[in-house]
Amino acid sequence: MKSIQALFILLFGITSQISFAQFTDEINSNRPGKSMMAFAVGKKIIQTETGVMYLNEDHNLLNYQAKGFMGELVLRYGVWKEELEVIGEIQYQNDKLTSGAYEEGRNGFKQLTLGAKYLIYDPFKNYEEKPNLYSWKANHRFKWRQFIPAFAMYAGANFKVGDNPFNYAPANIEEPSFSPKVTAIAQNHFGGRWVLVTNLTYDKIGTDFATINYILTLTRGFNAKWSGFIENQGYMGDYYSDGVFRIGAAFLFDKHMQVDASIGKNIKDTPGLLNAGIGFSWRFADQYKEVQLAKPGTESKTDKKMKKKAEKESKKRKDAVE
């Protein structure tokens, strides 16, 4: 545990290089995986990511079974700068636990978190890959730059509302009403179709429920509408440790809406967990035009320099071709 805490201190120490996020033409949702992407939604963008999941929990040693549903809601809003967003996360679970002749209905907020994410470094910001007009091989060579990830940090707080019967702790251990959470996020783009997202989270810091979690999500775009993912998530804590694998797919309904489906299974049977869910993501981007487009006559000196530089490069390429 101490070595992982030291890793978090190191990650906070190297986050001094600043960059900017980028608004995309199509919605960029964290669903259907559980990882958090490095990029923000964009200034003044409101995005919702919702889902309903069927849950089946079966414990071989304690001889109980629980079946039910969980609703998920994530609200994301871009504020102040392009690279910053605030995030609210809610999970509400309702199930029935059965052990022999004993039955108990359970319900409550499994997660209620509020935090903010900031994109610290984007390797492709202000980077333009210039084509080589004389070498096909140079234009198609392996690009090492894709191994440099975009990097972001998330900081938030967990809030307890009512009883939480889903935390696996002994009945005499009470969960605090407030606890901090931090996440380091890396995102790599390999070619035009593959995206790898890595999350390392220190959750419920300073409490009996403190855990170290990691998530690795690999996504592939099949065409303009369909994408699929495979994911591995691990938990390491005093009361619960486990590993979960998930697969799923998403369909881009239009540039502002996405639907998804996924299924997940853990690697142990104390308890064994199986879940399957569907989800929907939607963004409201009507206000973004104010941020995206500059008013005439308001170009900064840097913008003018970049524009002149681009014009010179374009002229050079035309002269070389002629």
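The legends below describe close-up views of one predicted model.

**View 1. A nonpolar patch on the surface of the predicted model.** Seven side chains are to be found here, namely Ile46, Tyr77, Val86, Val259, Phe280, Trp282 and Phe284, and together they form a nonpolar patch with about 520 Å² of accessible area. Strand E12, which covers residues 272-284, gives the most to this patch, with 3 residues. Phe284 is a member of the patch and lies in strand E12. Because its relative accessibility is 30%, Phe284 counts as partly exposed, a class that lies between buried, under 20%, and exposed, over 50%.

**View 2. The hairpin of strands E2 and E3.** Strand E2 (residues 64-78) and strand E3 (residues 84-99) pair in the antiparallel sense, and 14 bridges connect them. At one place along this pairing, Gly78 has Glu85 in E3 as its bridge partner. The hairpin has 5 residues between the strands, and Trp80 in this hairpin takes a positive phi near 65 degrees. In a regular strand, the side chains alternate between the two faces of the sheet.

**View 3. The hairpin of strands E3 and E4.** Strand E3 is also joined to strand E4 (residues 102-121), with 16 bridges between the two, which run antiparallel. Thr98 stands opposite Glu103 in E4. This hairpin has 2 residues between its strands, and Gly100, which sits in the turn, has a positive phi of about 65 degrees.

**View 4. A salt bridge between strands E3 and E4, formed by Asp95 and Arg106.** The structure holds 11 salt bridges, and in the one shown here the closest N and O atoms of Arg106 and Asp95 are 2.8 Å apart. The pair links distant parts of the chain, with Arg106 in strand E4 and Asp95 in strand E3, 11 residues apart. Are these two residues buried or exposed? Arg106 is buried because its relative accessible area is 9%, and Asp95 is likewise buried because its relative accessible area is 6%, both values being under the 20% limit for buried residues.

**View 5. A salt bridge between Arg31 and Glu72.** The closest N and O atoms of Arg31 and Glu72 are 3.3 Å apart. This pair links distant parts of the chain, for Arg31 is in the loop between helix H1 (2-13) and strand E1 (46-59), whereas Glu72 is in strand E2, 41 residues apart. Arg31 counts as buried because its relative accessibility is 12%, and Glu72 counts as buried because its relative accessibility is 11%. The view may be widened to take in a network of salt bridges, in which Arg31 and Glu72 are linked with Lys34 and Asp260.

**View 6. A salt bridge between Glu231 and Arg246.** The side chains of Glu231 and Arg246 meet in this salt bridge, with a distance of 2.7 Å from N to O. Glu231 lies in strand E9 (residues 226-237) and Arg246 in strand E10 (residues 242-254), so the pair ties together parts that are 15 residues apart in sequence. With a relative accessible area of 2%, Glu231 is buried, and Arg246, with a relative accessible area of 7%, is buried as well.

Notes. Residues numbered from 1 in each chain as written. Predicted model: local features only at pLDDT ≥ 70, side-chain atom pairs only at ≥ 80, totals over all residues. Heavy atoms only, no water. Patch = residues over 30% accessible without salt bridge, like charges linked within 9 Å, V, L, I, M, F, W, Y side chains within 5 Å. Areas by Shrake-Rupley, 256 points an atom, 1.4 Å probe, with all protein chains shown as cover. Salt bridge = Lys/Arg side-chain N within 4 Å of Asp/Glu carboxyl O. Helix = DSSP H or I, 4+ residues; strand = E, 2+ residues; numbered from the N terminus. Buried < 20%, exposed > 50% of the residue type's maximum accessible area, 1.4 Å probe, protein only. Pairing = 2+ DSSP bridges.
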